[in-house]
Amino acid sequence: MKPLVQRLGYVALNVTDIGTAIDDARTIAGVRLVERQSGRALLTSNQRHAELVLHEGTADEVRAIGLQAHDAAAVDAVRDRVRDAGLPLLSQRPSLDCIERSVTFATSEGHVFEVHTPMPLSQPVRYTGPGIHPRCLDHINLSSRDSEKISRELEAVLGVRQSERTKGHEIIWLRAADNRHHTLATVKGKSGLHHFSWEFASFDDFKRLGDTLDAEGRFLVWGPGRHGAGDNLFAYYIDRSGFLVECIAEMEVIEDENHQVRIADPGENLSNPKVVNRWGALPPRIWVEHSMPFAPAVAD
Ligand SMILES: [Fe+2]
């Protein structure tokens with residue numbers, strides 16, 4: 001059966017300084033402000049109404065990860081599976097007016113997901129302004145105390161499928177119905193979000209990213225390089241709210257319906273470059289240990 005979710009919908013963050021967070025997303029990633037009102041801002045890099053949702057909050061933390069389902073029937077199917085799995089069903093009220101139907105649930109470690117009907121394509125294709133102008137928000141990587149358990153929960157509820165995992169289930173990559181190598185991943189660590197990712201159009205964009213960060217006296221945390229898992233180009237930076245942001249290009253697409261889960265050997269402490277970074281440089285400690293917490297899951 002096809003996964004019930006098509007792709008990543010949005011990332012919603014609580015931030016202590018919303019002005020700075022908006023400014024960072026606009027000047028570095030180069031996304032567009034769609035609207036800002038009463039402590040909330042919607043930003044996007046394409047026609048989708050919202051990809052990055054920022055809420056003024058008392059802590060820098062993750063509010064929810066939006067996953068786009070095919071239609072309302074798929075949302076209802078996810079709701080039923082959440083109940084069957086015995087996971088906390090938090091809400092059936094869409095978090096944004098532009099979303100027609102949704103269900104919000106939490107994993108057993110408190111990662112919060114809103115599975116929603118397609119995001120309206122209400123915005124212009126192209127726009128002016130600073131930053132890189134990514135193509136789209138493309139994947140997220142959770143951190144979990146028990147990656148294997150969280151992966152099983154997501155597979156059961158969302159129908160997402162494993163593309164690849166490490167031998168000891170330290171990292172698991174899951175694909176949605178669009179068949180990209182991963183829309184969701186989970187890495188062993190504190191419960192939270194490890195990073196979220198924008199897709200770039202070309203390798204030139206990575207040069208501009210490095211130069212843009214440099215012009216602000218900042219730097220890339222890791223990369224550019226090419227991940228073994230997913231075969232994608234990557235670079236990471238930390239935004240001014242403390243979130244780890246990945247920028248990628250050329251993510252592998254798995255079209256084989258009979259794809260067998262690849263099992264990778266990451267080496268001790270992610271020391272195998274052919275899994276971690278085919279070009280050689282291994283991740284720094286700041287990357288390995290990064291995790292941002294989810295806000296406490298509250299049912300309405
Ligand atoms: Fe990633």
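# Reading sheets, cores and an iron site

Modeller: Start with one pair: His-139 has Ser-197 of β13 opposite it. Keep in mind that this model is predicted.

Colleague: How do I read such a pair? Which strands does it belong to, and how many bridges join them?

Modeller: General idea first. Strands of a sheet pair through backbone hydrogen bonds, and they run either parallel or antiparallel. Here, β9 (residues 136-144) and β13 are antiparallel, with seven bridges between them.

Colleague: In which sense does β13 pair with β16?

Modeller: In the parallel sense. Four bridges link β13 to β16 (residues 244-249). Look at Ser-197 again: its bridge partner in β16 is Glu-246. On the β9 side, Ser-197 stands opposite His-139.

Colleague: Why is β13 said to be largely enclosed by the rest of the structure?

Modeller: Count its buried residues. In β13 (residues 192-199), eight of the eight are buried, so the strand is largely enclosed by the rest of the structure.

Colleague: What is the strand order in the sheet that holds β9, β13 and β16?

Modeller: Read across it: β14-β15-β16-β13-β9-β12-β11-β10-β17. That is nine strands in an open sheet, with mixed pairing. At the edges stand β14 and β17, each pairing on one side only. From one strand to the next, the twist averages 20°. Now pick out β11 (residues 171-175) and β12 (residues 184-188), an antiparallel pair with four bridges. There, Ile-171 is opposite Val-187 of β12.

Colleague: Which helix lies across β14, β15 and β16?

Modeller: Helix α4, residues 204-215. Its direction is at about 15° to that of β15 (233-238).

Colleague: Now the metal. Which protein residues are donors of the iron ion?

Modeller: His-139 and His-195 each give NE2, and Glu-246 gives OE. These donors lie 2.0 to 2.1 Å from the iron ion. Along the chain, their spacing reads H-x55-H-x50-E. His-139 sits in β9 and Glu-246 in β16, so this pair ties together parts that are 107 residues apart in sequence.

Colleague: Are His-139 and Glu-246 buried or exposed?

Modeller: Both are buried.

Colleague: How many strands are in the sheet that runs from β2 to β6?

Modeller: Eight, in an open sheet with mixed pairing. The order is β2-β3-β4-β1-β5-β8-β7-β6. Strands β2 (32-37) and β6 (89-91) each have a single partner strand, so one side of each is left without a neighbour in the sheet. The average twist from one strand to the next is 25°. Helix α2 (residues 72-85) packs on this sheet and touches β5 (61-69), β6, β7 and β8 (112-116). The direction of α2 makes about 25° with that of β7.

Colleague: What does each edge strand pair with?

Modeller: At one edge, β6 pairs antiparallel with β7 (residues 102-106) over two bridges. Ser-91 stands opposite Thr-104 in that pair. At the other, five bridges join β2 to β3 (residues 40-44), also antiparallel. Glu-35 is opposite Leu-42 there. With two residues between them, β2 and β3 form a hairpin.

Colleague: How do I read an unusual backbone angle?

Modeller: Know the usual case. Most residues other than glycine have a negative phi, and most peptide bonds are trans. Then look for exceptions. Ser-38, in the hairpin turn, has a positive phi of about 35°. For Glu-250, phi is near 65°, and the residue is in the loop between β16 and β17 (262-264). For Leu-270, phi is near 55°. Leu-270 is in the loop between β17 and α5 (273-276), and is buried, with a relative accessible area of 16%.

Colleague: Where is there a cis peptide bond?

Modeller: From Gly-223 to Pro-224, with omega near 5°. Pro-224 belongs to strand β14 (residues 222-226).

Colleague: Last topic: nonpolar cores. How many residues are in the largest one?

Modeller: In soluble globular proteins, nonpolar side chains tend to be buried together. Here the largest core has 72 residues. Leu-54, Ile-65, Val-115, Ile-140, Leu-158 and Phe-196 touch the most other members. Strand β1 (residues 5-15) gives the most to it, seven residues. Domain 1 (5-116) and domain 2 (136-288) both contribute, so this core lies between them. Another core, of 15 residues, lies apart from it, with Trp-173 and Trp-287 among them.

Conventions: Residues are numbered from 1 along each chain as its sequence is written. This is a predicted model: local features need pLDDT of at least 70, side-chain atom pairs count only at pLDDT 80 or more; totals for chains, interfaces and linings use all residues. Side-chain values use heavy atoms; hydrogens and water are left out. Buried means under 20% relative accessible area, exposed over 50%, partly exposed in between (1.4 Å probe, protein chains only). Two strands pair if DSSP finds at least two bridges between them. Axes are lines fitted to C-alpha atoms, for helices over the stretch in contact, and angles run from 0 to 180 degrees between N-to-C directions. Contact means heavy atoms within 4.5 Å. A nonpolar core is a set of buried Ala, Val, Leu, Ile, Met, Phe, Trp, Tyr and Cys residues joined through side-chain atoms within 4.5 Å. Domain bounds come from an automatic or database domain assignment. Donors are N, O and S atoms within 2.8 Å of the metal (3.2 Å for Na, K and Ca); water is not among the atoms, so sites may look incomplete.
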